[in-house]
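Grab a pencil and work through these exercises with the model open beside you. Try each task before you read its solution.

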Amino acid sequence: MSELPSLVIELANFLVPAGVFAIMALGLNIQWGHTGLFNAGVAAFFALGAYTAAILMTAPVPPQIFYAGHLGYSWPFVGAAVAAAAVSGLAGFLIALPLLRLRADYFAIATLALAETVRLVINNAERWTGGSTGIYGVPRPFDAFTRGEPGLSLVYMAILCVSILLLLILAVDYITRTPWGRVLRGIREDEEATLALGKNVNRFRLQAFVIGCMIMGLAGAIYASLLRFVAPSQFDPLATFTIYVMVILGGSGNNKGVVVGAFLFYAFDWVSVRLDDGLPADWALRFPNIRLMIIGVILVAFIIFRPEGIFKEKKRVFPPVGSR
Amino acid sequence: MKLDGEPILRTRDVVKEFGGVRALDRCSVEVRAQSITGLIGPNGAGKSTLFNVIIGLYGPDEGQILFHGDPIEGVPTYQLVERGIVKTFQIPRELRNLTVMENLLISAKRVPGESLLRVVFVPWKGRARDREVQERAERLLDFVGLSQLRDEYAKNLSGGQKKLLELTRALMSDPSMILLDEPVAGVNPTLATKILDLIERLRNEGKTIFLIEHDMEVVMRRCDWIIVLHQGRKLAEGAAADIRKHERVVDAYLGG
């Protein structure tokens, strides 16, 4: 097999993680952008998806002296990805049942607490999850065809990830365009008024929340497969914050906007990490902190000067019925 | 004056307390079908609380509420809309970042497209109803004179237009009874007259209107029947002429 051009591999290296974040942003956009649900526990559903996929796709590892081992079922990627979405969706359903009665601020605190709880449980259920070390050797979907050629498996991964992303953009755009999606936006604008207009507000919120969580779980499965590795430290509150920044920059409520937001944010990350290599040593040391400051300044600037994000939510205009 | 209709709504000894304050104190009222019934009383008399209890936004602590003879206390608000009773808010609660048209479309009932399972698996089945709903919305917009603003964000409407939108939205679900919390407060006289004419027209078409209003001129001229609330309880009721003469009402509310 001939060598792949390095540019293609670089591109794939960019596209897969960016695509994973874009998928997460789409999921969060259903919850926050459309329905106004402040889910501060995005990392929990991401982690549940990633661990579900990692455990299902790997072979079991028995406890060793320096490693606690983990469960394993050697499933193919497709089954594991579906299961990851299902587990995250089920977790979202169970947690939302009691939480949806809470006011928005309490809902945020409760979901934040959930995310930390999930992370700590994963950290401590060592026999199942590998503890703080995590799970290594998660396969990629096309490993069987690409043995010995890591670049090619990454390119396949990128094609798969971008295809899933495109399908999800179409699907999310469709369901949020229907009357069902209109009720979500009504709830975002004024929950009590929407209730008084005859909508079973809690049912809609539950549906929106669960769908968002399923999408995050699917993103987790792709992520685990991309890195070939999961560990609890990947799923700290900063992960949740990052997705919010992407959604806010791109434009809450605009499905394509949040995808662009995710790609732009990750591109910034990508460039800044490469910039890092070219800097003199003392600056390279400071650069990670400067990066966070730049992100902070950009975020604050957006919230003050352009709260609707780069792409404003589209106005939905209905042509007169006769002319359709 | 139409006073011969059957009561469509009845409350019996309804009690609602907020942390020891009795907002409603064994409150019993009746609203006759196809009437415009006014609810008046000083601030804090419990008028808005009574509306919120009827529509299910607050659960009553005691007592019964009957709509068409069926008890409805504890029935969720969205199911009451399904049964044909709807309420507007005193301060308009327009869905700000939805257009005027969307504000109306979302207020229709029995829309199959609002079921997630249907839009995923049988999307074509909702289209006819969507069209029907939009036609109704266009007609209502024409009727109230908001057609020009159909694609404007609701947040950009003037105060009076928001009041009108609030009322129009309530009509989308074709209710048999409408609770209006101060429908013309803060509205300029021309628009107020228009809204009140519309309300009379709705009554003539067979709907029942139950409204809270502070402008006595409006209440006395437009309401078929007036209920006076005082300290969470019915103080008096009757036609305008009787209420005007009622000694205790004058003392408690209308002033000397």
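Two strands pair if DSSP finds at least two bridges between them; helices (H or I, at least four residues) and strands (E, at least two) are DSSP runs, numbered from the N terminus. This is a predicted model, where local features need pLDDT of at least 70 and side-chain atom pairs count only at pLDDT 80 or more, while totals for chains, interfaces and linings use all residues. Residues are numbered from 1 along each chain as its sequence is written, and chains are lettered from A and ligands numbered from 1 in the order in which they are written.

**Exercise 1.** Find the bridge partner of B:Leu179 in strand 8 of chain B.

*Solution.*
- Start with the sheet: an open one of 6 strands in chain B, with order 6-7-8-3-9-10 and mixed pairing.
- Its edge strands, each pairing on one side only, are strand 6 (85-87) and strand 10 (233-238) of chain B.
- Now zoom in on strand 7 (residues 177-181) and strand 8 (residues 208-212) of chain B, which pair in the parallel sense over 5 bridges.
- There you have it: B:Leu179 has B:Phe210 as its bridge partner.

**Exercise 2.** Do the same for B:Leu9, looking in strand 4 of chain B.

*Solution.*
- This time, take the open sheet of 4 strands in chain B, order 2-1-4-5, with antiparallel pairing.
- Strand 2 (21-32) and strand 5 (70-71) of chain B are the edge strands here.
- Strand 1 (residues 7-18) and strand 4 (residues 62-67) of chain B pair in the antiparallel sense over 5 bridges.
- The partner of B:Leu9 turns out to be B:Phe67.

**Exercise 3.** Which residues of helix 4 of chain A are buried, and which are exposed on the other side?

*Solution.*
- Know your terms: a residue is buried if 20 or more other C-beta atoms lie within 10 Å of its own, exposed if 12 or fewer, and partly exposed in between, with C-beta atoms placed from the backbone.
- The buried set is A:Phe107, A:Thr111, A:Leu114, A:Ala115, A:Val118, A:Arg119 and A:Ile122.
- They cover an arc of only 125 degrees around the axis (taken from the directions from the helix axis to the C-beta atoms), so they sit on the same side of helix 4 of chain A.
- Over on the other side of this helix, A:Asp105, A:Tyr106 and A:Leu120 are exposed.
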